[in-house]
Amino acid sequence: MSMHDYKITTIPNPGPWNVPAKTISMFTGVAAIGAILWGIGLAMDPLRGWSAYIINFCFVFFFALSGVVFTAIQYMTSAQWSPAIRRIPEGMTAFLPLGILFIALYWFGVPKLYEWSDTWTNFHGLSSEVHRTKTTWLSQPFFTVRQIIFAAIWLLFATLMVKNSLKQDKENAPQLSKVNTKLSIAFIIFFALSFSVASYDWLMSLEPTWFSTMFGVYTFTGLFQSGIAVIAIFAILMRRSGALPITKSGHIRDLGGFIFGMSTFMSYIGFSQYMLIWYANLPEETFYFMKRSQEGWWIIFVLLPLLKFVIPFAFLLSADAKRNEKVLLFVAGCVIAGQWLDLYWMVLPAHYAKLTLPGIADVGGLLFFSGLFIVMTLRFYKKHSVLPVGDPGILKSLNWGA
């Protein structure tokens with residue numbers, strides 16, 4: 001039994017995570033360097049610069065959204081294991097307000113990336129009725145406004161749930177958990193619909209004549225799998241640093257189980273989408289995967305199942321492996337790398353026929369958005385207790401797996 005796995009009889013309050021100021025300053029500097037590099041890349045090649053913007057914005061914004069989704073699922077299911085680590089995904093939502101700003105700024109990139117932004121006329125075999133419907137939906141003002149509205153509502157739900165959770169620490173009011181459960185149900189219903197639309201807009205409409213009814217689910221599985229990987233990394237780092245010393249190996253095991261389960265679901269959705277399009281063999285569908293499986297893009301096509309399914313499945317198959325922090329950190333890193341490559345693979349082949357390696361704009365965008373996400377998240381942990389001590393199920397959670 002680990003030194004962490006002893007019976008807890010009273011609820012401790014570890015308080016905020018005492019993150020060194022130099023750590024936050026370092027990541028602020030990383031974000032600043034990233035902004036400069038991305039700006040240089042944008043000036044050199046606007047198309048590549050805005051491609052890097054949407055890749056890295058989605059990559060990081062999905063982490064923040066996964067924090068809300070994970071929190072909502074725990075409330076909806078009355079999960080007994082998760083209150084001890086729930087403050088981690090709550091902190092990840094701190095990036096959401098910036099997300100609205102970046103969605104608004106993306107207005108300037110839309111004309112560079114999307115064929116439909118300039119009254120596109122290349123039908124690729126679409127009927128006039130389908131084309132007319134798509135051109136009505138895909139207009140730049142409507143595109144931007146609906147994304148801002150979606151993000152504002154996601155932020156509203158996240159703010160209310162996190163506010164109630166923090167308030168519960170002070171007031172020890174069990175009814176706030178019931179309020180959050182109701183909010184979670186409403187959020188998940190709205191999110192399921194709105195995120196599908198947002199993923200269609202941001203990513204699928206890069207190929208405006210292509211469509212897949214499974215694309216929203218596929219994008220969501222990437223969001224949730226990579227989000228849990230980030231939660232697992234924070235949980236292990238907090239445990240090792242002493243910020244959350246009372247977490248048990250059971251919590252680490254269950255996070256590993258989540259990654260394992262989502263890797264299987266991810267492979268199922270990805271294979272099903274590909275198999276159905278391959279089997280139907282319709283030109284208006286197959287061209288999407290044909291672009292992305294030749295001219296060098298096949299390398300990423302092969303890497304994706306390796307990073308997002310084979311490695312997580314093989315390394316986390318046993319219960320002991322799920323408890324092993326080193327194994328979980330390695331797998332989480334592979335999943336996160338796979339998620340970035342997946343977005344890269346979705347975006348760039350729409351404009352580049354041959355494989356193009358990451359450039360200065362891609363590196364700059366990754367440093368900028370990732371640096372900001374880490375800064376906002378660490379500031380949240382530095383301000384609030386990393387343990388929701390007022391949650392009615394916290395004591396049971398603290399003894400999970402002991």
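**Entry 1: Tyr381 and the core**

I started at Tyr381 and, skipping its neighbours within four places in sequence, found it in contact (heavy atoms within 4.5 Å) with Pro16, Trp17, Arg87, Ile88, Gly91, Met92, Phe234, Met238 and Val386. Note to self: this is a predicted model, where local features need pLDDT of at least 70, side-chain atom pairs count only at pLDDT 80 or more, and totals for chains, interfaces and linings use all residues. Numbering runs from 1 along each chain as its sequence is written, and side-chain values use heavy atoms, with hydrogens and water left out.

Next I looked up the largest nonpolar core (buried Ala, Val, Leu, Ile, Met, Phe, Trp, Tyr and Cys joined through side-chain atoms within 4.5 Å; buried is under 20% relative accessible area, exposed over 50%, partly exposed in between, with a 1.4 Å probe and protein chains only). Tyr381 turns up again among the members touching the most others, with Phe57, Phe61, Ile88, Tyr106, Trp154 and Trp202, out of 124 residues. Helix α2 (residues 46-76) gives the most to this core, 18 residues. Helices here are DSSP runs (H or I, at least four residues), numbered from the N terminus.

**Entry 2: pockets**

I take a pocket as an open set of points on a 1 Å grid over the protein atoms alone, where a 1.4 Å probe fits, with protein on both sides within 12 Å along at least five of seven lines; lining residues have an atom within 4 Å of a point. Volume is the space filled by probe spheres set on the points, which are joined across faces, edges and corners.

The largest pocket comes out at about 390 Å³. I listed 19 lining residues, with Tyr218, Gly270, Phe271, Leu304 and Pro305 nearest the centre. α10 gives the largest share of that lining, seven residues.

The second largest pocket has about 310 Å³. Its lining has 16 residues, and Val230, Ile233, Phe234, Leu237 and Ile374 sit nearest its centre. Here α9 provides the largest share, five residues.

**Entry 3: α10 and positive phi**

I checked the span of α10 (residues 249-280): its 32 residues reach 47 Å from first C-alpha to last, close to the 46 Å expected (1.5 Å times one less than the number of residues). Right after α10 comes Asn281, with a positive phi near 55 degrees. Most residues other than glycine have a negative phi.

I noted two others. Asn172, in the loop between α7 (140-171) and α8 (175-202), has phi near 50 degrees and is exposed at 53% relative accessible area. Glu295, between α11 (283-291) and α12 (298-315), has phi near 55 degrees and is partly exposed at 45%.

Methods:
Helix = DSSP H or I, 4+ residues; strand = E, 2+ residues; numbered from the N terminus.
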